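The following exercises are meant to be worked through with the sequence and the structure side by side. Try each task before reading its solution.

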Amino acid sequence: MRVLVVEDERRMAAALKRGLQAEGFAVDLAHDGVEGLHLARVGEYDIVVLDIMLPRLSGYNVCKQLRAEENWVPVLMLSAKDGEYDMADGLDLGADDYLTKPFSYVVLVARLRALLRRGGGRRPAVLRAGDLSLDPARRQVTRGDASIELTPREFALLEYLMRRHDEVVSKTEILEHVWDTYDTDPNVVEVYVGYLRRKIDVPFGRSALQTVRGAGYRLVSDGG
């Protein structure tokens, strides 16, 4: 899933990016409120992690402006302020969750996943397509009773396809959300789709992961 982190403390921003990427997220950074608001407007983010005390435009105002424009991307606010009124202000302005610094990284990731399940339509804790299931929190994939071992990139690709099940997704969309870049050779998507098929379909006599010629790929919800 694609995350925008808006944090002016650059060391913390870099640490958040490294940690979230290790969890399979694609991450963009902004270091002030104006840049963060711009990216949130033009980017297709699944969630925004938003510091409150930002240069040029506060996190409160970023969130307020997004909601005024009917941009409903889930927002988790970060702040060194731990007063109940500060938290209430953030939530009243449209934030979906609020975490005070210093925070547990484990809790941050768990809250992000909870927001992803709640925001933007139905997001179950365990993703399913027929007898294929993927548990993002436990990093587990199974087909029926059989456990399937995937690399982090394969897992991220499968998670994205399962969250978009029955939809045709293009190579460009996959590169943006799974590889965190537009510059990678698009053929790498085809390579990894092949890797996935050999693990989730071929051993089980299935064809859930389909190629839609000229358009992209689709994971069918009945499991193929």
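**Exercise 1: Helix 7 and its surroundings**

In this predicted model, find the buried residues of helix 7 (residues 171-179), and then state which elements they pack against.

Solution. Begin with the helix itself, where the buried residues are Ile174, Leu175, Glu176, His177, Val178 and Trp179. Next, look at what lies around these buried residues of helix 7, which pack against strand 1 (2-6), strand 2, helix 6, helix 8 and strand 11 (216-219). Finally, follow the chain just past the end of helix 7, where Asp180 takes a positive phi of about 60°.

**Exercise 2: Two helices that cross**

Determine how the axes of helix 6 (residues 152-163) and helix 8 (residues 187-200) are placed relative to each other, and describe the residues that make the contact.

Solution. The axes of the two helices come within 10 Å and cross at roughly 85°. Because angles of 65 to 115 degrees count as roughly perpendicular, helix 6 is roughly perpendicular to helix 8. On the side of helix 6, the contact is made by Arg153, Glu154, Leu157, Leu158 and Leu161, while helix 8 contributes Tyr192, Val193, Tyr195, Leu196, Lys199 and Ile200. Sorted by character, the residues of this contact divide into 8 nonpolar, no polar and 3 charged.

**Exercise 3: Two loop residues**

Decide whether His31 and Phe25 are buried or exposed, and list what each of them touches.

Solution. His31 has its place in the loop between strand 2 (26-30) and helix 2 (33-42). Its relative accessible area is 18%, and since buried means under 20%, His31 is buried. Leaving aside residues up to four places away in sequence, His31 touches Glu7, Asp8, Arg10, Ala13 and Pro55, and with the side chain of Arg10 the side chain of His31 makes a polar contact (3.3 Å).

Phe25 is found in the loop between helix 1 (10-22) and strand 2. With a relative accessible area of 5%, Phe25 is buried as well. Under the same exclusion of residues up to four places away in sequence, Phe25 touches Met1, Val3, Leu20, Arg113 and Leu116.

**Exercise 4: Confidence in the model**

What is the mean pLDDT of the protein, and which elements have the lowest and the highest mean pLDDT?

Solution. Taken over the protein, the mean pLDDT is 88, and 92% of the residues reach 70 or more. Among the elements, helix 4 (residues 84-92) has the lowest mean pLDDT (73), whereas strand 9 (residues 146-148) has the highest (97).

Terms used
Residues numbered from 1 in each chain as written. Predicted model: local features only at pLDDT ≥ 70, side-chain atom pairs only at ≥ 80, totals over all residues. Heavy atoms only, no water. Axes fitted to C-alpha atoms, helices over the stretch in contact; angles between N-to-C directions. Helix = DSSP H or I, 4+ residues; strand = E, 2+ residues; numbered from the N terminus. Parallel < 35°, antiparallel > 145°, perpendicular 65-115°, else oblique. Contact = heavy atoms within 4.5 Å. Nonpolar A, V, L, I, M, F, W, Y, C, P; charged D, E, K, R; others polar. Buried < 20%, exposed > 50% of the residue type's maximum accessible area, 1.4 Å probe, protein only. Polar contact = N/O pair within 3.5 Å; in protein donor to acceptor, adjacent residues only side chain to side chain. pLDDT = per-residue confidence, 0-100.
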